[in-house]
Number of protein chains: 2
Amino acid sequence: MKAGGMLFQNLASGEFDGKLFPVNPRVSDILGHKVYSDIAAIGESVDVAFLVVPREAVVQAVEKCAAAGVSAVCIITAGFSELGDIGSTEQSKLRQIVKRSGIALLGPNTIGFVNARCGVMGSFVGFPRWKGGGISIFAQSGVFSGGLLLDLLSRPTQCPPVGLSVGAGNKVDVDEIDFLHFCADDPETTTIGLYLESIAHPRDFLDVAAKVRKLKPIVLMKSGRTEEGARASSSHTGSQMTDDILLNVGLKQFGIARATDENEFVDALRGLAMWPKLRGRKVAVATTSGALGVISTDLLISEGLELARFTLPTVAKLKQVMPRWVEPANPFDFWVGAELNGTRFAHEHGLEALLADDNVDAFIGIFLAAPMTDFPEFAQLLRKLAKTYEKPLAVVFYGDQSARRWMTELEGARVPIFANTRAAVRSLSLAAIAAR
Amino acid sequence: MKAGGMLFQNLASGEFDGKLFPVNPRVSDILGHKVYSDIAAIGESVDVAFLVVPREAVVQAVEKCAAAGVSAVCIITAGFSELGDIGSTEQSKLRQIVKRSGIALLGPNTIGFVNARCGVMGSFVGFPRWKGGGISIFAQSGVFSGGLLLDLLSRPTQCPPVGLSVGAGNKVDVDEIDFLHFCADDPETTTIGLYLESIAHPRDFLDVAAKVRKLKPIVLMKSGRTEEGARASSSHTGSQMTDDILLNVGLKQFGIARATDENEFVDALRGLAMWPKLRGRKVAVATTSGALGVISTDLLISEGLELARFTLPTVAKLKQVMPRWVEPANPFDFWVGAELNGTRFAHEHGLEALLADDNVDAFIGIFLAAPMTDFPEFAQLLRKLAKTYEKPLAVVFYGDQSARRWMTELEGARVPIFANTRAAVRSLSLAAIAAR
């Protein structure tokens, strides 16, 4: 149940089909694998070594790896610069080994990494089955590659498709810039997420991010925005403060989307990974709740998005759904239309008309799930619209068990479901920045 | 399955033990109740009449109610000022009857009201069992007294304790000012929620709200903050635009908390209904995730809350939980302490120390649920701390099935659980305004 044992068990029980060499001077067998007393005793070339050893033994272990020709080490052990002066001295020794030997070093103080694409579960966290996908995350904190992902992977639906998650740790060597370069070249990465508490070289970071974002969208969650937050961050990861105002200017200039909490971060990545590329900022809002239409309008205008102006043919089509005394507008509140002409007819004709409109770049649907609005083909309709029109659909459901059925039936479709109007609007707004 | 039938069924199957008189000229029996052909035929004094009749028949029906001495009518039927000029003429006739007869009129265009305190399910929405509680909501939209509540009541945990929910409709007579007066006097109301799309008399509203909030906290969700939102609102409820900047000034001056989306509204009400009165803005943050500690610090500073400064005795107690090289701070990130001294010891001693500190007005706990941090008495501990120290506790859980167990075991405790750090911080911030 200790970190080292958990990590080896995860590696051994995962889908990785390469070789594993446990190293431990005191035991001879771990889970049926022959144990080596020393890294030098393996006698084969090693790609990555995970180090889960006492703090005092880390430097020597890395030296041995370098001497044995190991390409990369991942140091799980904590107790370095995040503890202040005591740890910083040890950490600078690690930096020297990297410089001298050219070994790639991840950490120290990381929970490891998971690469679902090749089945490497290099973390001590007991994750459930990892489905994989195009999102690649680099996180300077255990929670973004640990607890939060554990939570998301444990949910029955709407799990973000994360294929690679790297715990950055103290970033002695491998950092966000390396990660961006890697993602740019990696054919399986479609969407990049960074959780950072420090940016060692903000200028270089912005330069590289500006290039990489032209290939793949980036969502950055950089905490320590306030003085108090930065102070807290310093005792968490030993981070130096970044000038947040300057950083924001740079991010705006280069079109890097910035999330401001963990939920926005995950939601924006989920949206970006599931949506086709957003072509503009003009949004159609369709809803069976007038109030939630008004609220999402306020939110999207505040976020710098726009309400699409429907073309005349679209308005004509929408009129067929609504009673004749109602002039269809955006947001399109079609509760009365569903009452008058039947819920299936109103949804099918209303939503199709909106998505077919060339003035519409993206779609937000806020749907009440109730006996009056439900119909069996609801999820199938959204699935078809997303496929046919190649525009981002963001949806929110409120209601009874029908809402849960819709969620289940939409699983696997490229239609992200959000917990509330703000989450939907904010994800679309971050996607619009990332795709600009 | 029509609105009238659904409403009567809800009334008849609810816990209301007063008399019900269905009125319908074409049938003689509804669900075993004798049907009256006309309101005048009842021959007993009637407190409330629910009108679910065609639009053309509404005015005459209200006239009849007034003539028969009915105290109040609730008009479900839609098709009045929200349709523009056609409907406005009819609506002004209703206003005249109110003036002339003194009858109290709710609506038109409302989904009705539910008063769980006396079992009156006066709505056509098919709600699950309504548990009741101190929150009273007045909502100028069906979703806040319908779909959204339906959703919340269908969830297994953390349902906000709503005892009264009134759909305002077009507010011909009964409006937010009447509702505030009612709530001030109503012994069962502890917390007031208003969803408004229009405020007919902003000055009077602010005057009354300023008085009532000294008795009971108020959370206002006023949509139409932007020009586009206000336009959408106008076609939803026929609302006139309110000057949003002036309104905000008034709300700030009088300490009325304003939510900006449906989730904030519900979360703030849930917090206020479950928490003891907040005494100040100084917050202690405890977490097993350093990153979420930093993120919540950023959020709470941005919201105008403060990080509490711990007294020396508190720091001394926190030191016992942590390794000696760590200087405890706020946010209190005690992952290492849990690793070193056991998760139960670290949680019990750490959290108790924070809550006992006189410099701490409120507490935010962000807890990772994993084998390393879980212990059987976790929920019991939070329950005890909330009871002993009479301070608001806001908690967020991330993780595996342990998180779900914690949620279940906390049901009924006065410890609201929030979906993410922003929701927790924002609810506390709105509570701080409402309690000021």
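## Same face on both sides

Every interface residue of chain B, 100% of them, is also an interface residue in chain A, so the two copies meet through the same surface. Bear in mind that this is a predicted model.

The symmetry fits that picture. Turn chain B by 180 degrees, with 0.0 Å of shift along the axis, and it lands on chain A with an RMSD of 0.0 Å. The two copies are thus related as by a two-fold rotation axis. In chain B, Ala419(B) has the C-alpha nearest that axis, 4.8 Å away.

## How much gets buried

On the contact count, 55 residues of chain B touch 55 residues of chain A. Together the chains bury about 4,200 Å², and 63% of that is on carbon and sulfur atoms. Three residues, Glu262(B), Val294(B) and Asp298(B), supply 13% of the area chain B buries against chain A, more than any other three.

## Polar links across the interface

There are 4 salt bridges between chain B and chain A. One of them pairs the side chains of Arg422(B) and Asp261(A), at 2.4 Å from N to O. As for polar contacts, 18 residue pairs turn up across the interface, both partners at pLDDT 80 or more.

## What chain B brings along

Several elements of chain B each put at least two residues into the side that touches chain A, among them α8 (227–237), α10 (262–274), β16 (362–369), β17 (393–399) and α17 (421–434). The largest share, 10 residues, comes from α11(B).

By residue type, that side of chain B splits into 25 nonpolar, 18 polar and 12 charged residues.

Conventions:
Residues are numbered from 1 along each chain as its sequence is written. Chains are lettered from A and ligands numbered from 1 in the order in which they are written. This is a predicted model: local features need pLDDT of at least 70, side-chain atom pairs count only at pLDDT 80 or more; totals for chains, interfaces and linings use all residues. Side-chain values use heavy atoms; hydrogens and water are left out. Contact means heavy atoms within 4.5 Å. Buried area is the accessible area (1.4 Å probe) that two parts lose on being put together, summed over both. A polar contact is a pair of N or O atoms within 3.5 Å; within protein, one must be able to donate a hydrogen and the other to accept it, and residues adjacent in sequence count only if both atoms are side-chain atoms. Helices (H or I, at least four residues) and strands (E, at least two) are DSSP runs, numbered from the N terminus. Ala, Val, Leu, Ile, Met, Phe, Trp, Tyr, Cys and Pro count as nonpolar, Asp, Glu, Lys and Arg as charged, and the others, Gly among them, as polar. Copies are superposed by least squares on the C-alpha atoms of residues with pLDDT of at least 70 in both.
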